[in-house]
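Visitor: I'm new to looking at protein models. Could you walk me through one and show me how to read it?

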Amino acid sequence: MCGITGFIDFSPAATAEGLEKRVRDMADSLRHRGPDADGVFTDAESGLALGHRRLAIIDLSESGAQPMRSRDGRYVLVHNGEIYNYLELRAELETEGGPFLPWRGTSDTEVMLAAFASWGVEKAVRRFSGMFAFALWDVRERTLFLARDRMGEKPLYYSRTGQFFIFGSELKALRASGVLEPELDMGAVAQYLRFQYIPAPRTIYQGVRKLRPGHLLALRPDNPDRLESAPYWSLKDAVNRGLYAPFQGGEEEAVDQLETLLRATVRNQMLSDVPLGSLLSGGVDSSLVTALMQAESSRPVRTFTIGYDDPAYDEAGHARRVAEHLGTEHTELTVTPRQALDLVPALPRMYDEPFADASMIPTHLVAALTRKHVTVCLSGDGGDETFAGYNRHVWAPAVWERMRSLPPRVRRIAARAIRMVSPGAYNTIFSMLPGRSLSMPGYKLHRVAEVLGLDSREDVYKSLASTWQNPEQVLVSGQEPPSAMDMPSLWPGLTEYTAWMQFLDSVSYLPGDILTKVDRAAMACSLESRAPFLDHKVVEFAWRLPLSMKLRGKQGKYILRRVLDRHVPRELVDRPKTGFGIPIDTWLRGPLRPWAEELLSPNRLAQQGILRPEVVGMQWADHLSGRRDNQFRIWNILMLQAWLNEWM
């Protein structure tokens, strides 16, 4: 895991010294991503410089340092991430022979360079299994290649601005180039208000783009106006292949094959020359990853979790019981409200475009705890999207079917009736029910009221995925551009509602929210996070399975639970999904209120001219009074305001 940067000056006046200084400034802004070493490569004749910050994971010696040049001198590579099948590729390349032998070291970066030299760039990328973002300079053809992994685990930003082309692992690196003149993209602001993140390819800045997952971009400095980006892999194609060639075996055979595939994936992802552990929440996904790690390890695996004083948000006890059953070496931290609150001012610097998933706070806290003991961790990220684990995957189809049978007028009356009771009152009522299991019932019932008047299942899903249902309502100006949810041409041929939601979650929410959150939270403390469920072979296998093997009755991730049953007793993990939350609602009415009211000041909002003070003020007043649970909308606005305060 590292930070990569690059700079091209298309003018004939570019010098090696000037290029090196700029790219070093960019790389230095990413020191947190790679505290162990740095390096620069320049090609003054082409006006190009590549920068690298290294977090040493595989081959800790100088032979693993970057930028790295191929033995024949043709290619220069800077790479962020890991190629998990590099030993398999290395053995194959040795069999074929070539000018890259003998090996200089044992890094996956050197194997990547040999693969490019032997198989060509696009064919080599298709052979890589891993999480990665890289920049490859072809010295002979004067061509720069940028690539990003299939599911979007590793970030990569780029911009053509005037006579320059710049790229980096984070936006702060582009700002550090000295050539970016940041200007807000109001369409991106609208998307942020809806989703709490900005979907690729847009960023918060005009003219700056995220490279899409699974894409390869090529640029020649002698033809800088032609940026060619194309997919080398797409989830849409993978889903369609699964539909055309579905799994033909029975349930037991599917469970066997999935466990075999996951064990191989976990085994590959445990390769490391530095200490390694697991993030364990006690849920299905993290428990299964940890169980398979322990099955592949000859000594106790290091596991890490955090808990809260508030029992409504605390899952530490569940994780502790799973750790005890598996025999792991377990470390637990109980987080105080003060620790979480103290992190809030740092969030805009950590996430250098607006980002409002509040679980970024506990994610960073558990990453910081983990980094005190290990450098690499495995997590259960991706299990929900791939195996139908979100609550909406279970209940949204049932709600939609019932809604379709009711006249619109009846639905509107029902929605008004639901809203007559405040979220707080619903929470109180549900708390008195025996065996209660629904978290945030008041908020969720009000969300149901919001979708009752909608006319299509697509609108229902978009509503469920939205923080602000109509971003233009709160914006002074700016129009929301379409996203993947609005473009049927990007969808595979899915007819089942749950499967369709899974697909959209995987191409939008997963890379835009979940993977962005984890990457920044972990890399802020120089921790590498790996996600076995996002190996493309696991994803492709999952999309061959019928929905009945993922969703059974009122429970998702059925087949994952079947695999987990072989390692952990069902009663240790069989509980309602709660998520990785924090009590933002009560914090906004309590210790965060002075900070919030300063950022939400009508005068401040009016001077900025971005948000409508009267709309924000009404949402804030309703939340404070308890009439509405607007915590997510208010937090969304606050994270935008805090970001503007930090960066603009």
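Guide: We'll go through the sheets, the salt bridges and a pocket in turn. Keep in mind that this is a predicted model.

Visitor: Let's start with sheets. What holds the strands of a sheet together?

Guide: The general idea is that strands of a sheet pair through backbone hydrogen bonds, either parallel or antiparallel. In this model, six strands form an open sheet in the order β4-β5-β6-β7-β11-β12. The pairing there is antiparallel.

Visitor: Which strands stand at the edges of that sheet, and why is one side of each left without a neighbour?

Guide: Look at β4 (68-69) and β12 (228-231). Each has a single partner strand, so one side has no neighbour in the sheet.

Visitor: Can we go through the pairs along the sheet?

Guide: Sure, start with β4 and β5, which run antiparallel and are joined by two bridges. Find Arg69 and you'll see that Val76 in β5 stands opposite. The hairpin of these two strands has five residues between them, and Gly73 takes a positive phi near 85° there.

Visitor: And how many bridges join β5 to β6?

Guide: Nine, and that pair runs antiparallel too. As an example, Val78 has Ala135 in β6 as its bridge partner. Carry on to β6 (residues 130-138) and β7 (residues 143-148), an antiparallel pair with six bridges. In that pair, Phe134 stands opposite Ala147 in β7.

Visitor: What packs on this sheet?

Guide: Helix α3 (residues 108-119) does, touching β4, β5 (75-83) and β6. The helix direction makes about 125° with that of β5.

Visitor: Is β5 enclosed or open to the outside?

Guide: Count its buried residues: nine of the nine are buried, so β5 is largely enclosed by the rest of the structure. As for where side chains point, the general rule is that in a regular strand they alternate between the two faces of the sheet.

Visitor: What is the strand order in the other open sheet of six strands?

Guide: Reading across, the order is β2-β3-β1-β9-β8-β10, with antiparallel pairing. β2 and β10 are the edge strands, each pairing on one side only. From one strand to the next, the twist averages 10°.

Visitor: Could you show me a pair in that one?

Guide: Try β8 (residues 157-161) and β10, which pair in the antiparallel sense over three bridges. Tyr157 stands opposite Lys210 in β10. Then look for helix α1, which lies across β1 (2-9), β2, β3 (48-54) and β9 (164-168). That helix runs at about 150° to β1.

Visitor: Now salt bridges. How do I recognise one?

Guide: Look for a side-chain nitrogen of Lys or Arg within 4 Å of a carboxyl oxygen of Asp or Glu. This structure holds 50 of them. One joins the side chains of Glu20 and Arg24, at 3.0 Å from N to O. Both residues lie in helix α1 (residues 16-28), four residues apart, about one turn of the helix.

Visitor: Are Glu20 and Arg24 buried, exposed or partly exposed?

Guide: Glu20 is partly exposed, with a relative accessible area of 30%. Arg24 is partly exposed as well, at 31%.

Visitor: Which salt bridge ties together parts that are 486 residues apart in sequence?

Guide: That's the one between Asp519 and Arg33, whose closest N and O atoms are 2.9 Å apart. Asp519 lies in helix α20 (residues 497-523), while Arg33 sits in the loop between α1 and β2 (37-43), so the pair links those two parts. Both residues are buried. They also belong to a network of salt bridges that links Arg33, Lys154, Glu170, Lys172, Asp352, Asp519 and Arg520.

Visitor: Can the two partners of a bridge be unlike in how exposed they are?

Guide: Look at Arg104 and Glu110, whose side chains meet in a salt bridge at 3.8 Å, N to O. Arg104 is partly exposed at 40% relative accessibility, whereas Glu110 is buried at 4%.

Visitor: Last stop, pockets. What lines the second largest pocket?

Guide: It has 43 lining residues, and Ala200, Arg212, Pro213, Ala484 and Val507 lie nearest its centre. The space in this pocket comes to about 810 Å³. Helix α20 turns up again here, giving the largest share of the lining, 10 residues.

Key. Residues numbered from 1 in each chain as written. Predicted model: local features only at pLDDT ≥ 70, side-chain atom pairs only at ≥ 80, totals over all residues. Heavy atoms only, no water. Pairing = 2+ DSSP bridges. Contact = heavy atoms within 4.5 Å. Axes fitted to C-alpha atoms, helices over the stretch in contact; angles between N-to-C directions. Buried < 20%, exposed > 50% of the residue type's maximum accessible area, 1.4 Å probe, protein only. 1 Å grid on protein atoms, 1.4 Å probe; cavity = no way out; pocket = protein on both sides within 12 Å on 5 of 7 lines; lining within 4 Å. Points joined across faces, edges and corners; volume = space filled by probe spheres on them.
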